[in-house]
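I opened this notebook to record what I looked up on the contact between two chains and on the pairing of strands. The entries follow in the order in which I made them.

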Amino acid sequence: MENKPEKTALQDDYAYRAVDAYNTRMYLLPALADPERRAVLIAEHRARPLYEAAQPGQPAPMDSPALARLLDRLRVVPQQDKHVIIETRPWEEYRIGVLPGVRGKAVEITDEAYPTREDAEHAIFLKRLNALLDAYGITD
Amino acid sequence: MTTLGITGYSNRISVQPGQTVQFHVHSERNQAYRADIVRLIHGDTNPDGPGYKEEEVASCGEHPGRHQAVHAGSYICVPHDARFDISSFTLMALVFPTTPTKGVQGIVTKWFGPEETGYGLFIDEQGELAVRIGRGKGRLEQLSSGKPLFRKVWYLVAASFDAASGHVSLVQEPIVTSTNTGHGMRFIYPIEETRAAVEWSGSPQAPAANDCPVLIAAATTQAHSGRHIWGGHFSHVHSPIEIPEHEAKFNGRIERPAIARRVLNRAEIERVLHGPRPLQTELRPALVAAWDFAANIVPNAASTQALDDSLHRLHGHCINMPSRGMPGHNWTADQMSFTAAPQEYGAIHFHDDAVDDARWEVDFEFPIPEDLKSGVYAARLRLGGQDTPGNEDYIPFFVRPPAGRPTARIAVIIPTASYMAYANENLSADSQVAQLLTGRVPLMQPGDLLLQEKNGYGYGTYTVHSDGWGVHISSRLRPILNMRPKYTHVLSPSVWQLNADLHLTDWLEAMAFDFDVHTDEDLQREGVELLRQYRVVLTCHHPEYCSEEMLDAYEAYQQQGGRWLYLAANGFYWCTVFHPDNPALIEVRKGDNGTRAWTINPGEYGNAFDGKHGGLWRVRGRNMSKLTGVSFTSFGLTASSYYRRAPDSFRPECAWMFTGLGEDEPIGNFGLVGGGAAGLELDRYDLELGTPHNAFLLAHSEGHNDIFVTVSEESTFNARGYFAAGGTGDQNPYIRADIVYFKTPNDGAVFSASSMAWCGSLSHNNYDNNVSRLTANVIRGFLQDGPLP
């Protein structure tokens, strides 16, 4: 619209983003800013990218609280440019796809391919993690 | 190509020998394809299980293949009539736009876009009210209000044109009450930001006539699409009527649209839009048409006929199933159903992505041979005969035994209403939250990629329309791309619905249990008489969507001594209504309670298709536990778990089911759905929710991980911890599946597995395992004549 007035902070949903950023800085980044603690989380995810079935006499396999908190955050990143797994050859090849964020447009299918869903899951975890670190200026 | 290049649907989903099923096929790049009829045996391609199995039954030959588009978007079509060829006019309506900034949208139009002829009331590119007077290409006059229309606000809108003087006037008047916007604003201040009354002197020349229909909520881009409506949900249309191709698709509500053949003054406009109906006699001669959407919405709002209250009776036809019986500009919230106060529910809500029927040409058909075994079948389509992903699709259908002649003592009821409810949910691309429910990144297959590119082919009840309103009507007369063998579902670590139900039918076949299949549509139509033909009836893994007639049939079957296995969880949950004139359409209003994909907006509780309260059966006093003994309690669309035997399983009435199972043996710590028999969604007994007083607890699951949460209908408020909504599988004892058994009158019985993953464990270890053994023991015991142990 011509001469459209600038959005107010309220119309721009400023507070949601502000609180999300606060939560991220206070509770998520401390575990990520330290390269050693970060490496532990990455290694945990690499070892078991997906939940596995519970077995009798054992606790149900679950993520550590720190990894669970990180995964919950990474799973809800906005749909635009969000990574998905594309099944190009069932049980043989899984590519990384990029969502357009709106209906009616094609999903971009990249050349990045993995032999299992687990491998593709971990690759996407790393991409999302790196994007989060970049957004908060953690570069080491 | 990775994106699916061929797809289609069938006219029937359930057929008997002697009937013919027709297939409507779309070939994305106009490539030729081969069609074969196959019997689907096992659809899960997981190499850890039996693997994919099908059997070729018949060839349907090679076909040239053609591109067939879906013309989505609901609107009303009023066929061309010379009485619409007018010089001066007033166009008026009450409107509630829900995407006013989404581009040009027609409100009331007799407009032919390519040639710019005719007239119409629109929302323009800037989201403002506009009137168009078209006299041929490049000779279009358009006057806009200059003020934006706000989302979710009711307006009186009107435009007048005097062909003698060329005078044009436009009115955009917001109407806001405490209730009529639903979740919209209560007041607008300053109101001048959206109120407008504009006058303009244009050319004194009538708009050019065209042969387009009058469209409400759209405009015409092709007057003749070659597609027609008649019969079915257009039961009032007895011979085919051609519909147009449309554009300028409107999102939101329209009420009382009208066309006058002269300039009406403001008082006259107000009388048409707010005055009593039928119309006052002195105004009638001025009106070409004045539609009244409240006129035929009692006892239900299922009609696709939009009645004209003028002297001309130029009735319209609702294409692509817009939502009827919706709160109007005068909605007070005093009555929550259109049946109680139809005059306050005179709005129709239109959606630019709604589809009632793809209306594709028929490509081929298959007459069902007299000796074809009852079971699950599909037309297999292969581009160039190739079976590679993207080149192959399946159109499933179900073959019943000949009428009145069952061929087995076991019936499997295929939950086609649930398949329709879950149709084309597009959650992998659309849902920001789905990954929290599943604990993983979605996997997209060729059909998902096509669905995303095609903007849904019409959606199902798990998503929202483009304006944010929940999808409450679903059709099977269009491709349902998640109702396929070989399909991995976003809501499961592996399979869901049809492809998961093949776990059950494959196991029955492997175990040499003869069975017939029937669908929800058949049960809806034939009731308990269908079930009475069988000693044992089985559900599939997730019969979540159930009509009142289906519930009645199952209840009667139980009372009459039927023996029933509920090999599922979260069954019989949502009030589901088949369209009274066309079972290819269902309606589900998700209410404001329940584990749901969306929440109903104020005043929209009433099912259009039957006029009754929509939402959970629980809300209508028919919680699933009255039927199954168990109630939906938890879900975690992730890794599964296993069961432990409970003390009742050792009682003499029950122990026979556990023959061959050890006392301390965990049950189902294996399987193709999340690696265990207890998973996805879980049910538990609850004596306060109608579980029969003499029911037995045979087993319960344990060990559910922290993705599992409780159902929202049992949370009155959120809280962290133990019993609460925030309590996850590792701390909340309500998160479990209970295997429950109870007897019913006349030697009937019910066995409820209470997990959606149960059937996924049946094939483990070449079908030799304790889930298989327990299920087979129950079926064999139930098949015996005489009293139960």
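I first fixed a term for the strand entries: strands are DSSP runs of E of at least two residues, numbered from the N terminus. I also noted that the model is predicted.

Entry on the open sheet. In chain B, I found an open sheet of three strands in the order β1-β3-β24, with antiparallel pairing. I identified β1 (6-10) and β24 (364-367) of chain B as the edge strands, each pairing on one side only. From one strand to the next, I recorded an average twist of 25°.

Entry on β24(B). I then asked how many bridges join β3 of chain B to β24(B). The count is four, between antiparallel strands, and β3 spans residues 20-27. Within β24(B), I located E365(B) as the bridge partner of Q22(B).

Entry on the contact between chains. I counted 34 residues from chain A and 44 residues from chain B in the contact. On the side of chain A that touches chain B, I listed α3 (65-75), β1 (83-89) and α4 (117-135) of chain A, each supplying at least two residues. The largest share of that side, six residues, I assigned to β1(A). By class, I noted 21 nonpolar, six polar and seven charged residues on the side of chain A that touches chain B.

Entry on pairing across the chains. Which strand of chain B pairs with β1(A)? I found that strand to be β28 (residues 443-444), joined to β1(A) in the parallel sense over two bridges. Opposite I85(A), I located L443(B) in β28(B).

Definitions and conventions
Residues are numbered from 1 along each chain as its sequence is written. Chains are lettered from A and ligands numbered from 1 in the order in which they are written. This is a predicted model: local features need pLDDT of at least 70, side-chain atom pairs count only at pLDDT 80 or more; totals for chains, interfaces and linings use all residues. Two residues are in contact if their C-beta atoms, placed from the backbone, lie within 7 Å. Ala, Val, Leu, Ile, Met, Phe, Trp, Tyr, Cys and Pro count as nonpolar, Asp, Glu, Lys and Arg as charged, and the others, Gly among them, as polar. Two strands pair if DSSP finds at least two bridges between them. Axes are lines fitted to C-alpha atoms, for helices over the stretch in contact, and angles run from 0 to 180 degrees between N-to-C directions.
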